[in-house]
Amino acid sequence: MKTPPPTNWLLPLGSSDITQHWQIVNDSVMGGSSTSQAYEKDNSLIFAGNVSLENNGGFASTRTCINTQHQASKHIILQVKGDGKTYQLRLRTSQYLDGPAFTVSFATLKDQWQVITFSSDDFSLTYRGKALQQQAKLNFNEIEQLGLMIAKKQQGNFRIELKQIALTNN
């Protein structure tokens, strides 16, 4: 079943300064040597780089602050074109802004656009790659940070293109 396009896109990709709001956080924070960058091309955000397993590394990520404007939403929708690898969508609320993240993994199809829809039930509260025993319920109205991560020992070059992100009540 196709999801109808939402009217309330969170990130208006295509604005000239969109990439200045995306922060890179790679495994170098713990001694690893993975590299990545986030940049705009053809009205999409490109997140690309190289995951290295050297020095116990193995992840690359990018994140940005968002404002959900306290929308009563049931789903978050991504429009992506990937490289066949698996990525994580990572959401943080004010309660967990600097610690755990609500995460969901999704597989991409190589060089094909996908529209992927997630409900709050799809997310698990995780910290440093591990699910927490106490699972809080994600409320899309409280999201303050959104990120993408590649991990799970997917060594080598990666590239994902993010065209749109939206919250919807459908």
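Biologist: Which strand gives the most to the lining of the largest pocket?
Modeller: This is a predicted model, with local features needing pLDDT of at least 70 and side-chain atom pairs pLDDT 80 or more, while totals for chains, interfaces and linings use all residues. Residues are numbered from 1 along each chain as its sequence is written, and side-chain values use heavy atoms, without hydrogens and water. Strands (DSSP runs of E, at least two residues, numbered from the N terminus) E4 (60–65), E6 (86–93), E9 (124–127) and E11 (143–150) each give two or more residues to this lining. The top contribution, five residues, is from E11.

Biologist: Which residues lie nearest the centre of the largest pocket?
Modeller: A pocket is an open set of points on a 1 Å grid where a 1.4 Å probe fits, with protein on both sides within 12 Å along at least five of seven lines; lining residues have an atom within 4 Å of a point. The lining here holds 32 residues. Those nearest the centre are Phe-59, Arg-90, Arg-128, Gly-129 and Met-149.

Biologist: Arg-128 also sits in a turn; what is its phi?
Modeller: E9 and E10 (residues 130–131) run antiparallel and are joined by two bridges, with Tyr-127 opposite Lys-130 in E10. The two strands form a hairpin with two residues between them. Arg-128, in that turn, has a positive phi of about 50 degrees.

Biologist: With which strand does E7 pair over six bridges?
Modeller: Two strands pair if DSSP finds at least two bridges between them. E7 pairs with E9 in the antiparallel sense over three bridges, and Phe-102 stands opposite Leu-125 in E9. On another pairing, also antiparallel, Thr-86 stands opposite Ala-107 in E7. The strand that pairs with E7 over six bridges is E6.

Biologist: Why is E7 largely enclosed by the rest of the structure?
Modeller: E7 covers residues 101–107. Buried means under 20% relative accessible area (1.4 Å probe, protein chains only). E7 is largely enclosed because, of its seven residues, the number buried is five.

Biologist: Which strand gives the largest share of the largest nonpolar core?
Modeller: This core, a set of buried nonpolar residues joined through side-chain atoms within 4.5 Å, has 31 residues, and Ile-76, Leu-89, Leu-91, Phe-106, Phe-118 and Phe-123 have the most contacts inside it. Elements giving two or more residues include E3 (44–51), E5 (75–81), E6, E7, E8 (113–119) and E11. The largest share, five residues, comes from E12.

Terms used: Helix = DSSP H or I, 4+ residues; strand = E, 2+ residues; numbered from the N terminus. Buried < 20%, exposed > 50% of the residue type's maximum accessible area, 1.4 Å probe, protein only.
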